[in-house]
Amino acid sequence: MTDEELKMLKRINDYAEKELADIDPQKTPVSYQLEKLRPVMEEIAAEKGCDLQDIFISYMDLASEAAASRDAKMRESLKDLNEGGEDGLPPLLYR
């Protein structure tokens with residue numbers, strides 16, 4: 001992820017934290033969540049001189065990449081626990 005992409009993702013995520021603070025993302029339709037993010041995405045599109053759809057696609061790609069990276073880091077940090085220990089305890093399952 002480039003610095004510019006990281007800044008864009010952070011900007012959208014910061015905006016999302018304010019605008020979507022009172023919702024449960026698991027129970028709220030993605031279409032509603034994206035509609036709430038539309039203003040910041042329109043600002044970014046105007047600044048970059050590109051279509052809103054391009055920003056949306058970039059955001060979805062970057063958010064997926066960031067989530068995969070966080071998951072990989074979590075799996076690595078829990079690696080020893082997932083293998084089980086010498087103490088006879090079963091492994092911690094992280095999926």
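The legends below describe close-up views of a predicted model.

**View 1. Overall fold of the protein, with four helices and zero strands.** Along the sequence, the elements follow the pattern α-α-α-α. The protein has 95 residues, and buried residues make up 18% of them. Of the contacts between residues at least 6 apart in sequence, 43% join residues at least 24 apart. The accessible surface of the protein is about 7300 Å², with 52% of that surface belonging to carbon and sulfur atoms.

**View 2. Helix 1 along its length, residues 3-19.** Helix 1 contains 17 residues. From its first C-alpha to its last, helix 1 reaches 24 Å, close to the 24 Å expected at 1.5 Å a residue.

**View 3. The buried and exposed sides of helix 1, with M8, L9, I12 and A16 as its buried residues.** These four residues lie on the same side of helix 1 because they cover an arc of only 95° around the axis. The face turned away from this buried side carries the exposed residues D3, K7, K10, E17 and K18. Among these exposed residues are the lysines K7, K10 and K18.

**View 4. Packing of helix 1 against its partners, helix 2 and helix 3.** The buried residues of helix 1 pack against both of these helices. Helix 2 covers residues 30-48, and helix 3 covers residues 52-77. The buried residues on the helix 1 side of this packing are M8, L9, I12 and A16.

**View 5. Helix 3 and its buried residues I55, Y59, L62 and A66.** Helix 3 has 26 residues. The distance from its first C-alpha to its last is 37 Å, close to the 38 Å expected at 1.5 Å a residue. The buried residues of helix 3 pack against helix 1 and helix 2.

**View 6. The largest pocket, with about 370 Å³ of space.** The lining of this pocket consists of 17 residues. Nearest the pocket centre lie N13, Q33, L37, Y59 and A63. Helix 1, helix 2 and helix 3 each supply at least two residues of the lining. Helix 3 gives the largest share, seven residues. Y59, one of the residues nearest the pocket centre, is also one of the buried residues of helix 3.

Definitions and conventions. Residues numbered from 1 in each chain as written. Predicted model: local features only at pLDDT ≥ 70, side-chain atom pairs only at ≥ 80, totals over all residues. Heavy atoms only, no water. Expected span 1.5 Å × (residues − 1). Buried < 20%, exposed > 50% of the residue type's maximum accessible area, 1.4 Å probe, protein only. Arc of directions from axis to C-beta. Contact = heavy atoms within 4.5 Å. Areas by Shrake-Rupley, 256 points an atom, 1.4 Å probe, with all protein chains shown as cover. 1 Å grid on protein atoms, 1.4 Å probe; cavity = no way out; pocket = protein on both sides within 12 Å on 5 of 7 lines; lining within 4 Å. Points joined across faces, edges and corners; volume = space filled by probe spheres on them.
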